[in-house]
Amino acid sequence: MCLSCKGFSRRQMFKAGLALSALATTRPAFAQSHMMMLRDGEAEAFVATMLAPLTQTAQVSPGLLKVRIVQHSSINAFVAEDHQLFLHSGMFVTLHTCAQFAGILAHEMGHVASQHLSRLPEEMRKTSLQTMLTMAGAVGLGAIGGGSAAAGLALGGQASAFRQLMSFTQSQEHAADTAALRYLDTLGWPKSGLQEVLQRFKDQELPSRPEAYARTHPLSHDRLEMVKHHQGRSMQGQMPTALEEDWQFVKARAKGWLEAPNHRLPEQGPDLYTKAISYQRTGESAMAFSSFERLIAQYPKKPWIQEAYATALLQAGNIDKSIVWAARAYEALPQHVMAGSTYAQALMAKEETTSTQRAERILRQMLQRERDNPSFWRELSRAQGRLGQLPQAQLSLAEEALLQRRTEDMKRFARRAKDTAQDRPTQIRAQDLLQL
Ligand SMILES: [Zn+2]
């Protein structure tokens, strides 16, 4: 189930609240309340690119996995119910190479292909996702601070269930690693990344706490030996150069958002990307803009830099220019909802009919791809309201409330939509919602 439930000890540079609120300020779709999820288009697109060949190799249906980025500074990844692949945001900041990231994804793909989760006992599968997330984070934090007792106390009876879960999954780790090595071999990707990550976990083992080790340890030593053995008798692979470069930019972007600003970084390449975002976060707009413009000149074929620039411009109130760059990014990334989201937000900020009409069309396209995003429905409602489409705006609010399980609100909005709508589609959908 998980690569490691041990937290990764590193300095507490990660400003969780700051990162989430900064992201949420510029794009409501970034933050999804209590789940502590992060949305980032470039990271999501990169993960999708990495997963495409892995799913094919593992003979898993493409598009089956739903990738979720959890706001947590440790290195961890796990698959949960409904084929949701959770990746801790710390992976993007802390892992050094694309090969390490590939090793983790390949391991998780091993779990998916082997249907490990569906083989869990029924009562464990019923463990709520929120609980599992809490467990993963709490165990990790306990391990860092040596505070496992405190963590155990706080977790109460749930800890016992989690220990069982961990025990059950230990036997599956070996199988996932074996599958991962096979996938990496097939793709010609290096296995050194998986080995390095396991070595890292092993280095953090705490032999003085054998009980905790037995309960939660993902058998790093045995796993490491197995991977080493495999390494020694097979070809060394290599990550495609384009993927390695993309990884460096994804990592740079994550560092910009999630780490404390470091103005001493070099003024070029991915480091400049980190600095540009850091400048944006600290309100040094002129420095951010000049950094982004240099990056765009240097990397004209990296539209996510343009999208980040558009976000920075929007945040600073430079709406017209933000629209220009968001449009360019969206043109290059029409299939990515977060690029569409940035463009729609820039257009909405213009507060002008033509721009609002354009935003409304884009939001509809985004919702075709991601219908379960409440933020998109809310933004669509704003656009519709501004365009005088009041019943449709009410219906969009009802859709948002439905996704957020605010049943009373959902019924109220749906009733208003039904009572005022002149068109059949709105009436029919409103009626459907009222009957739920
Ligand atoms: Zn695992």
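Two strands pair if DSSP finds at least two bridges between them. In this predicted model, strand S3 (residues 77-80) and strand S4 (residues 84-88) are joined by 4 bridges and run antiparallel. Across this pairing, Ala80 stands opposite Gln84 in S4. The hairpin of S3 and S4 has 3 residues between the strands, and Asp82 takes a positive phi near 60° there.

The two strands belong to an open sheet of 4 strands, ordered S1-S2-S4-S3, in which the pairing is mixed. Strand S1 (37-38) and S3 are its edge strands, each pairing on one side only. At the S1 edge, 2 bridges link S1 to strand S2 (residues 66-70) in the antiparallel sense. Met37 has Val70 in S2 as its bridge partner.

In a regular strand, side chains alternate between the two faces of the sheet. For S3, Ala77 and Val79 lie on one side, Phe78 and Ala80 on the other, and all are buried, so that both faces of the strand are covered. Helix H4 (residues 98-113) lies across S3 and S4 and runs at about 20° to S3.

Further along the chain is helix H19 (residues 374-386), with 13 residues. From its first C-alpha to its last, H19 reaches 19 Å, close to the 18 Å expected at 1.5 Å a residue. Its buried residues are Ser375, Phe376, Trp377, Glu379, Leu380, Ser381, Ala383 and Gln384. Their cover includes helix H17 (337-350), helix H18 (353-369) and helix H20 (390-403). Just after H19, Gly388 takes a positive phi of about 80°.

Note on methods
Residues are numbered from 1 along each chain as its sequence is written. This is a predicted model: local features need pLDDT of at least 70, side-chain atom pairs count only at pLDDT 80 or more; totals for chains, interfaces and linings use all residues. The expected span of a helix is 1.5 Å times one less than its number of residues. A residue is buried if 20 or more other C-beta atoms lie within 10 Å of its own, exposed if 12 or fewer, and partly exposed in between; C-beta atoms are placed from the backbone. Two residues are in contact if their C-beta atoms, placed from the backbone, lie within 7 Å. Axes are lines fitted to C-alpha atoms, for helices over the stretch in contact, and angles run from 0 to 180 degrees between N-to-C directions.
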